[in-house]
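These are my notebook entries on a single structure, kept in the order in which I looked things up. I record what I checked and what I found.

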Amino acid sequence: MREVTIETKLKVYEGPEHLNEEIQQLMNAAIEARDNAYAPYSKFHVGTAILLDNNKVVIGSNQENASYPSGLCAERTAIYYAGAKYPNAKILKMALTASSQNQVTDKPIPPCGACRQAIAEYELKQDQPIEIYFMGAKGKVVKSDSLSNLLPLLFENSVL
Ligand code: THU
């Protein structure tokens with residue numbers, strides 16, 4: 001038996017005002033998208049903005065459904081739209097923000113496990129890391145240089 005330690009490196013910014021201009025703009029696009037979320041059941045609004053290497057920004061927000069599992073998270077709404085509309089573009093950066101109507105969301109909200117797996121697919125496909133910035137409605141922003149930092153031991157298609 002041998003024990004393995006997996007380490008992850010993240011950067012924490014005290015607030016969005018500490019991000020560079022490009023990321024602030026991307027985060028603002030995510031906030032705008034978040035405000036258009038359709039989340040009447042959870043009242044938890046999530047927005048995502050994706051910057052592609054063709055300079056386009058693709059956004060997404062969570063879309064809920066009366067049949068709860070039929071809804072979709074903001075991150076997957078956005079990344080599947082990017083994949084559908086610009087199949088050959090590389091995904092450079094993603095900005096995520098979440099806001100609850102029930103409480104102040106002042107801590108960074110990372111993407112859920114299913115969204116991490118979905119983002120990983122595109123990172124592997126393009127063979128280039130995707131930078132991910134995530135926050136709540138206010139407060140700290142966390143940056144991950146790559147999706148792989150957020151999902152060690154991810155499921156890869158090489159095993160199929
Ligand atoms: N949600 C997202 O959009 N992204 C995540 O990473 C976590 C959760 C959405 C799904 C659902 O509409 C609501 O937030 C509450 O789970």
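**Entry 1: Ser61**

I began with Ser61, which I found in strand S3. The model I am working from is a predicted one. I asked next whether Ser61 is buried or exposed. Its relative accessible area is 7%, so Ser61 is buried, the cut-off for that class being under 20%. I then listed the residues that Ser61 touches, leaving out those up to four places away in sequence. They are Ala33, Asn36, Ala37, Val46, Leu72, Cys73, Ala74 and Thr77. I also checked the side chain for polar partners and noted a contact of 3.0 Å between the side chains of Ser61 and Gln63.

**Entry 2: the sheet**

From Ser61 I moved to the sheet. I counted 6 strands in an open sheet and read their order as S1-S6-S5-S4-S2-S3, with mixed pairing. Which strands stand at the edges? They are S1 (11-13) and S3 (57-61); each has a single partner strand, so one side of each is left without a neighbour in the sheet. I looked up the turn between neighbouring strands of this sheet as well, and the average is 15 degrees, direction ignored.

**Entry 3: S6 and its partners**

I took S6 next, starting with its pairing to S5. Strand S5 covers residues 131-135 and strand S6 covers residues 141-144, and the two pair in the antiparallel sense over 4 bridges. I looked for individual positions in this pairing. Met135 stands opposite Val141 in S6, and Phe134 stands opposite Val142. S5 and S6 form a hairpin, and I noted 5 residues between the two strands. In the turn, Gly139 has a positive phi of about 90 degrees.

I then turned to S1. S1 and S6 run antiparallel and are joined by 3 bridges. Which residue in S6 is the bridge partner of Lys11? I found Lys143 in that place. Finally I checked the two faces of S6, and both are covered. Val141 and Lys143 are buried on one side, and Val142 and Ser144 are buried on the other.

**Entry 4: Glu131**

I stayed with S5 to look at Glu131, which has its place in that strand. Beyond its neighbours within four places in sequence, I found Glu131 in contact with Leu92, Lys93, Met94, Lys143, Ser144 and Asp145. One of these contacts has a polar component, as the side chains of Glu131 and Lys93 are joined at 3.4 Å. I also recorded the separation of the C-alpha atoms of Glu131 and Ile91, which is 8.7 Å for two residues 40 residues apart along the chain.

**Entry 5: Gln126**

Ile91 came up again when I looked at Gln126. Gln126 has its place in helix H3 (residues 113-126). With neighbours within four places in sequence left aside, Gln126 is in contact with Ala89, Lys90 and Ile91. Its relative accessibility is 10%, so Gln126 counts as buried. For the polar end of this side chain I found one partner to note: a polar atom lies 3.0 Å from the backbone oxygen of Gln128.

**Entry 6: positive phi outside glycine**

I then looked up residues other than glycine with a positive phi, and I recorded two of them here. Lys43 has a phi near 60 degrees. Lys43 lies in the loop between helix H1 (21-34) and strand S2 (44-52), and it is partly exposed at 35% relative accessible area. Leu153 also has a phi near 60 degrees. Leu153 is found in the segment after S6, and its relative accessible area of 78% makes it exposed.

**Entry 7: the ligand**

My last entry concerns the ligand. Which residues are around the ligand? I listed Ser42, Phe44, Val46, Asn62, Glu64, Cys73, Ala74, Glu75, Pro111 and Cys112. I then looked for polar atoms of the protein that come within reach of the ligand. A polar backbone atom of Ala74 is 2.9 Å from an oxygen atom of the ligand. At Cys112, a backbone N or O atom lies 2.8 Å from an oxygen atom of the ligand. Glu75 takes part through its side chain, where an N or O atom is 2.8 Å from a nitrogen atom of the ligand. I closed with the coverage: the ligand on its own has 370 Å² of accessible area, and the protein covers 75% of it.

Note on methods:
Residues are numbered from 1 along each chain as its sequence is written. This is a predicted model: local features need pLDDT of at least 70, side-chain atom pairs count only at pLDDT 80 or more; totals for chains, interfaces and linings use all residues. Side-chain values use heavy atoms; hydrogens and water are left out. Two strands pair if DSSP finds at least two bridges between them. Axes are lines fitted to C-alpha atoms, for helices over the stretch in contact, and angles run from 0 to 180 degrees between N-to-C directions. Buried means under 20% relative accessible area, exposed over 50%, partly exposed in between (1.4 Å probe, protein chains only). A polar contact is a pair of N or O atoms within 3.5 Å; within protein, one must be able to donate a hydrogen and the other to accept it, and residues adjacent in sequence count only if both atoms are side-chain atoms. Contact means heavy atoms within 4.5 Å. A residue is near a molecule or strand if one of its heavy atoms lies within 4 Å of it. Accessible areas come from the Shrake-Rupley method with a 1.4 Å probe; for residues, only the protein chains shown count as cover.
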